[in-house]
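Grab a pencil and work through a few exercises on pockets, a helix and one threonine. Try each task before you read its solution.

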Amino acid sequence: MIVPHTTPTPAPARMVRKAVVPAAGLGTRFLPATKATPKEMLPVVDKPAIQYVVEEAAAAGLDDVLMVTGRHKRAIEDHFDNAFELEQALAAKGDAVRLDAVRDPARLANIHHIRQGEPLGLGHAVLCARRHVGDQPFAVLLGDDLIDPRETLLSEMLDVRERHGGSVVALMEVPREQIHLYGCAAVEATGEDGVVRVTGLVEKPAPENAPSAYAVIGRYVLDPAVFDTLERTPPGRGGEIQLTDALQELAADGTVHGVVFDGLRYDTGDKADYLRTVVRLACARDDLGPEFTTWLKEFVAGLENGEIATGSGRDRLAA
């Protein structure tokens, strides 16, 4: 059993300054909501999911963010741009709070965009960033995989990269019956709490074939050597170029480490987890939490009593 990190030590000055956010997926798990709206733009309380991801990158000191988007993703570009007419209207009303909220996305980092012409997989999306990233190490943050803002996973991963070089992946222990939903890592201990050496990776294995219960989740710090590896990686599972397959080749050289994470993570591409995300983050808000938590307790009590709360009263659930 690998002991997860309990004492993170974020570092303010880093060699890694660039982040890549793949956001070209079709969002089919959330249809029909994502027919015309990018899945990354679905609101989590009052911000789109992808804004939390960019805020996480910025909080870890990554001030250059490249978003890899696709067709019908223009809303993402617009969200991280200035909205002059809206800003002028709010300024004229003296609404400083909403004005700051509107301006904040464009001020988080230097944000760039590139289109992934074809949906050829996560590995191909990362490869699209090669010209922008160059020969520098960089982070990859998946656009619908949220880490709770109170966690410091990305900072820990950057620390591990600075100590060991190579590439770093985020790992989370999951029930064996769920490992087929993830890339899975074979690991060995390093002597550091919460840090392992990754000796092998397999994409979405059957539970009986999985080398461990450690799933790769949507945070990576990658050495630029991954680009050459991706260039020669053939399409794998689903006919897509899998980042997991490229990292498997790098892991064979002993240059991939993992940080074991046991904090709060949300998959906003999953309907049930999306709802849990909204509830958790709303409860954590100073402006919404107290009132919302009170209502939530009353609502749950009503469910337990066979009732459901409505706007003005209670209706009996159908028997």
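Below are three exercises, each with a worked solution.

This is a predicted model, in which local features need pLDDT of at least 70 and side-chain atom pairs count only at pLDDT 80 or more, while totals for chains, interfaces and linings use all residues. Residues are numbered from 1 along each chain as its sequence is written, and side-chain values use heavy atoms, with hydrogens and water left out.

**Exercise 1.** Describe the largest pocket and its lining.

Step 1: get the size. The volume is about 1300 Å³. A pocket here is an open set of points on a 1 Å grid over the protein atoms alone, where a 1.4 Å probe fits, with protein on both sides within 12 Å along at least five of seven lines; lining residues have an atom within 4 Å of a point.

Step 2: find the middle. Of the 41 lining residues, R29, K39, L142, D144 and K204 are the closest to the centre.

Step 3: assign the elements. At least two lining residues each come from α5 (122-127), β11 (214-222), α9 (243-251) and β13 (265-267), and β11 gives the most, with 4. Helices (H or I, at least four residues) and strands (E, at least two) are DSSP runs, numbered from the N terminus.

Step 4: sort by class. The lining has 16 nonpolar, 14 polar and 11 charged residues.

**Exercise 2.** Work out which residues of α9 are buried, and how they sit around the axis.

Step 1: list them. L243, T244, A246, L247, L250 and A251 are buried (under 20% relative accessible area, 1.4 Å probe, protein chains only).

Step 2: check the directions. These residues cover an arc of only 160° around the axis, which puts them on the same side of α9. The arc is taken from the directions from the helix axis to the C-beta atoms.

Step 3: recall the helix rule. An α-helix has 3.6 residues a turn, so residues three or four places apart point the same way.

**Exercise 3.** Place T268 and find its partners.

Step 1: locate it. T268 is in the loop between β13 and α10 (271-283).

Step 2: is T268 buried or exposed? T268 is buried, with a relative accessible area of 4%.

Step 3: look for a polar partner. A polar atom of the T268 side chain lies 2.9 Å from the backbone oxygen of D144.

Step 4: list the contacts (heavy atoms within 4.5 Å). Leaving aside neighbours within four places in sequence, T268 touches F30, V44, A49, D144, L146, Y274 and T277.

How values were computed:
Grid points are joined across faces, edges and corners, and a volume is the space filled by probe spheres set on the points. Ala, Val, Leu, Ile, Met, Phe, Trp, Tyr, Cys and Pro count as nonpolar, Asp, Glu, Lys and Arg as charged, and the others, Gly among them, as polar. Buried means under 20% relative accessible area, exposed over 50%, partly exposed in between (1.4 Å probe, protein chains only). A polar contact is a pair of N or O atoms within 3.5 Å; within protein, one must be able to donate a hydrogen and the other to accept it, and residues adjacent in sequence count only if both atoms are side-chain atoms.
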